[in-house]
Amino acid sequence: MTALEPIQRTDAAYDSKIEGNVFFTRLDAAINWMRKNSLWPMPMGLACCAIELMATGASRFDISRFGAEVMRFSPRQADVMIVSGTVTYKMALAVKRIWDQMPEPKWCIAMGACASSGGMYRSYAVLQGIDRLIPVDVYISGCPPRPEALLEGLMRLQRKIDKEHSLIEQKKELLEELA
Amino acid sequence: MTAAEVVKAIQGHFGDAVLATKEHLGEHTVDVNLDRLHAVMRWCRDELRFDYLVDVSSLDHLGEEPRFEMVYELYGYSHGQHLRIKAKVSEDQGVPTVSDLWPTADWHEREVYDMMGITFDGHPDLRRILMWDGYPFYPLRKDFPLEGKPSEMPDVAFTGVAPLEGGPFVTCAGGQDTIAREPRAKRV
Ligand code: SF4
């Protein structure tokens, strides 16, 4: 693929005195703005990190402030897979299958040391990082990371989405299929 | 009835089948002959009222003969005593199952089979319990590397080798000072 020109950073132009109810914006910016503020997570809770994921979803940390409170237990309705916990080899292909069932555009957050690199489990039973099977957008360090760290990861993902081209980059698999 | 009396009773009833007894920090262990293991266990349950099988585990004494050792932890609710029973097993021997005495032994023995490769005679359903059917190794054996071995079963599961950066690093037990005891790389 040829190099894409960088996304222009002006999101919208609006002057209420002149334009009334009319917005001018770029399609990428509008689509990305909608996508990033309504990320539906697929909670892939596999071990202790999932406890912090639950805390993030609960009232004290309140992930809905960032538009990601709609946890979907069906991969077909999810946008971002939060892999929180130890991915054993026995579970690895199941995680991969669920990832494959998620429709594009989709993103992945590797939450915690285990999901990022196998963590303290240098062993025969544990996959050494979920990035060996699926592409990861954001890695969060910690064992477990605090809920604030997960929220920070989520905000970084939002910033990343903002800079992507809404069709060419976020619908890659679909375009490959059509080609 | 105290655990010491229990050990005496077993010795008195089974004589030569009891190979050794040991007391350490109030814990009593009885080593028995594998041939009489099932009889000892049944007697412990029926006559000595050890109605709870707490755990079943196994040891790998690599390089010794017999290589493996079974360990059973018993407890009696009516008298509150603990007892440990051990029996050595060589690589080509099967262990009589105790799942007919305590149903809980079913899954414990499957785990021992899965991790160590010790087989149980008379077990109703001897399949792997943690790893998947068809996994080719027994990962808790001493000659199995900590980092694992590669294996592949298409559509079921796969395993790889974990990076250990020269390790595993193991504390050297029995050293005189902390320098001698410091964890070092160890290879089998
Ligand atoms: S990174 Fe730590 S807290 Fe998270 S799953 Fe692994 S061991 Fe548990």
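This report describes a predicted model of two protein chains and a ligand, moving from the chains as wholes to single residues and then to the places where the parts meet.

**The two chains**

Chain A is built from 7 helices and 6 strands, and read from the N terminus its elements follow the order β-α-β-α-β-α-β-α-β-α-β-α-α. In chain B the secondary structure amounts to 4 helices and 11 strands, and the C-alpha trace of that chain extends over about 55 × 50 × 30 Å along its principal axes. The table sets out some values for each chain.

| Chain | Secondary structure | Buried residues | Share of contacts (separation of 6 or more) made by residues 24 or more positions apart |
|---|---|---|---|
| Chain A | 7 helices, 6 strands | 42% of 179 residues | 75% of contacts |
| Chain B | 4 helices, 11 strands | 42% of 188 residues | 46% of contacts |

**Inside chain B**

Helix α2 of chain B, which covers residues 37-46, has as its buried residues L37(B), H38(B), V40(B), M41(B), W43(B) and C44(B). The elements of chain B that cover these buried residues include the helix α1 (3-14) together with the strands β2 (27-32), β4 (68-75), β5 (82-89) and β6 (94-96).

A second helix of chain B, α3 (residues 105-116), contains D114(B). Is D114(B) buried or exposed? Because its relative accessibility is 0%, D114(B) counts as buried, the cut-off for that class being under 20%. A polar atom of the D114(B) side chain lies 2.8 Å from the backbone nitrogen of M131(B). Leaving aside residues up to four places away in sequence, D114(B) touches R128(B), I129(B), L130(B), M131(B), F137(B), Y138(B) and P139(B).

**A loop residue in chain A**

M71(A) belongs to the loop that runs between α3 (49-57) and β4 (80-84) of chain A. With a relative accessibility of 21%, M71(A) counts as partly exposed, because the buried class takes in values under 20% and the exposed class values over 50%. From C-alpha to C-alpha, M71(A) lies 8.6 Å from G57(A), a residue 14 residues apart from it in sequence. When residues up to four places away in sequence are not counted, M71(A) touches P41(A), P43(A) and L53(A).

**The surroundings of the ligand**

Which residues surround the ligand? They are A47(A), C48(A), C49(A), G85(A), T86(A), A113(A), C114(A), M120(A), G142(A), C143(A) and P144(A). Sorted by class, this shell comprises 8 nonpolar and 3 polar residues, with no charged residues in it.

**Where the chains meet**

The contact between the chains draws on 11 residues from chain A and 22 residues from chain B. Between them the two chains bury about 1200 Å², of which 67% is on carbon and sulfur atoms. On the side of chain A, the residues that lose the most area to chain B are Y89(A), K90(A) and Y124(A), and together they account for 56% of what that side buries. The residues on the chain A side that touch chain B divide into 6 nonpolar, 2 polar and 3 charged. How many salt bridges and polar contacts are counted between chain A and chain B? The count is 0 for salt bridges, whereas 4 residue pairs are in polar contact, with both residues of each pair at pLDDT 80 or more.

Technical notes
Residues numbered from 1 in each chain as written. Chains lettered and ligands numbered in written order. Predicted model: local features only at pLDDT ≥ 70, side-chain atom pairs only at ≥ 80, totals over all residues. Heavy atoms only, no water. Contact = heavy atoms within 4.5 Å. Buried area = accessible area lost by both parts, 1.4 Å probe. Salt bridge = Lys/Arg side-chain N within 4 Å of Asp/Glu carboxyl O. Polar contact = N/O pair within 3.5 Å; in protein donor to acceptor, adjacent residues only side chain to side chain. Nonpolar A, V, L, I, M, F, W, Y, C, P; charged D, E, K, R; others polar. Near = heavy atom within 4 Å. Helix = DSSP H or I, 4+ residues; strand = E, 2+ residues; numbered from the N terminus. Buried < 20%, exposed > 50% of the residue type's maximum accessible area, 1.4 Å probe, protein only.
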